[in-house]
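Please look over the sequence and the model shown here before reading on. The report that follows takes up aromatic contacts, enclosed and open spaces, and a few individual residues.

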Amino acid sequence: MASSSLLPLLLVLLLASSWAAVARARPGDNVWEHTVVYMHERLTGPNATRLITVQSPLGGDNFGQFGVVDNELRDGPDPLRSSLCGRFQALFALAGLVSPPGMQSAVNFLFTAGRLRGSTVSVLGPILDFESTCERSIVGGTGVFRMARGYSFMRLVPEMSVPDKYSVYRLDLFIQVNSDRLPLLPPVDSVGCYDISI
């Protein structure tokens with residue numbers, strides 16, 4: 001009698017596990033990827049990668065200042081022991097009247113090596129503090145990341161940074177992408193630049 005009462009339960013469990021497997025494999029579903037890269041920014045000197053293009057009419061680092069960035073993206077925090085994977089290109093504006101003024105940024109991650117070569121991810125949002133973790137929205141992309149959505153975290157790597165000269169930031173990208181795009185990802189090779197979980 002006990003075995004006959006277990007039969008419906010086993011049947012329900014079997015159907016549920018089969019449905020879950022089918023649901024995971026459906027074409028067109030969105031899946032999440034986690035990519036980690038490191039941004040290397042030179043703040044001074046002839047090879048500076050950040051440039052103030054419009055000074056604030058209020059003077060100094062203040063409301064109304066505008067600039068551009070073209071930083072290296074690398075697969076690690078050490079510039080001597082990591083490989084170049086792409087570029088971090090951005091426009092930024094100090095757009096807040098509070099102290100310190102909030103910075104609005106529009107960023108493109110341009111992947112030039114490894115599995116994501118030729119793809120981009122677009123990020124938009126504020127940076128309120130460079131010393132703490134900053135969260136911004138992923139609003140799109142191209143290539144493998146066409147129509148991507150998600151969020152990103154940026155945090156300073158203080159042990160690899162030199163104040164007022166050189167900064168290194170860890171960038172965690174949590175990207176939602178359509179599973180139909182995944183066949184575009186080639187297999188991981190031994191020189192892959194990205195920590196990607198699919």
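## Aromatic pairs and a cluster

Rings of Phe, Tyr and Trp (its six-membered ring) are taken to pair if their centres lie within 6.5 Å, with planes under 30 degrees apart counting as stacked and planes over 60 as edge-to-face. The model discussed here is a predicted one, and by this rule it holds six aromatic pairs. In the pair of Tyr-151 and Phe-174 the ring centres are 4.9 Å apart and the planes stand at 15°, so this pair is stacked. Tyr-151 belongs to strand 8 (residues 149-156) and Phe-174 to strand 9 (residues 166-178), and the pair thereby links distant parts of the chain, 23 residues apart. Tyr-151 counts as partly exposed, because its relative accessibility is 30%, a value between the limits of 20% for buried and 50% for exposed.

Phe-174 also pairs with Phe-153, this time edge-to-face, with 5.9 Å from centre to centre and 75° between the planes. Since Phe-153 lies in strand 8 and Phe-174 in strand 9, this pair ties together parts that are 21 residues apart in sequence. Phe-153, with a relative accessibility of 28%, likewise counts as partly exposed. Together with Trp-32, the residues Tyr-151, Phe-153 and Phe-174 form one aromatic cluster.

## The chain as a whole

The protein chain contains one helix and nine strands, and read from the N terminus the order of elements is α-β-β-β-β-β-β-β-β-β. The chain has 198 residues, of which 39% count as buried. Among the contacts in the protein chain with a separation of 6 or more, 52% are between residues 24 or more positions apart. The area that the protein chain exposes is about 11,400 Å², and carbon and sulfur atoms supply 61% of it.

## The enclosed cavity

Rolling a probe the size of a water molecule over the atoms shows where empty space is left. When the whole structure is searched in this model, one cavity of 30 Å³ or more is found, and the volume of the largest cavity is about 130 Å³. Its lining consists of 15 residues, and those closest to the centre of the cavity are Glu-41, Val-69, Met-103, Ile-127 and Phe-130.

At least two residues of the lining of the largest cavity come from each of strand 1 (30-42), strand 3 (66-74), strand 4 (84-94) and strand 5 (103-111). By class, the lining residues of this cavity divide into ten nonpolar, two polar and three charged.

## The open pocket

The largest pocket has a volume of about 670 Å³ and a lining of 26 residues, with Arg-50, Asp-61, Met-103, Phe-130 and Tyr-169 nearest its centre. Two or more residues of that lining are given by each of strand 2 (50-54), strand 4 and strand 9, and the largest share, three residues, comes from strand 2. The lining of the largest pocket is made up of 16 nonpolar, four polar and six charged residues.

Met-103 and Phe-130 are named for both spaces, since they are listed among the residues closest to the centre of the largest cavity and among those nearest the centre of the largest pocket.## Individual residues in strand 8 and the loops

Ser-152 is found in strand 8, and it counts as buried because its relative accessibility is 4%, whereas buried means under 20%. Leaving aside residues up to four places away in sequence, Ser-152 touches Val-123, Cys-134, Glu-135, Arg-136, Ile-138, Asp-172 and Leu-173.

Most residues other than glycine have a negative phi. Met-147, in contrast, has a positive phi near 65°; this residue lies in the loop between strand 7 (134-142) and strand 8, where it is exposed, with a relative accessible area of 62%. Asp-164 also has a positive phi, near 65°, and its place is in the loop between strand 8 and strand 9. With a relative accessibility of 64%, Asp-164 counts as exposed, as exposed means over 50%.

Technical notes:
Residues numbered from 1 in each chain as written. Predicted model: local features only at pLDDT ≥ 70, side-chain atom pairs only at ≥ 80, totals over all residues. Heavy atoms only, no water. 1 Å grid on protein atoms, 1.4 Å probe; cavity = no way out; pocket = protein on both sides within 12 Å on 5 of 7 lines; lining within 4 Å. Points joined across faces, edges and corners; volume = space filled by probe spheres on them. Helix = DSSP H or I, 4+ residues; strand = E, 2+ residues; numbered from the N terminus. Nonpolar A, V, L, I, M, F, W, Y, C, P; charged D, E, K, R; others polar. Buried < 20%, exposed > 50% of the residue type's maximum accessible area, 1.4 Å probe, protein only. Contact = heavy atoms within 4.5 Å. Areas by Shrake-Rupley, 256 points an atom, 1.4 Å probe, with all protein chains shown as cover.
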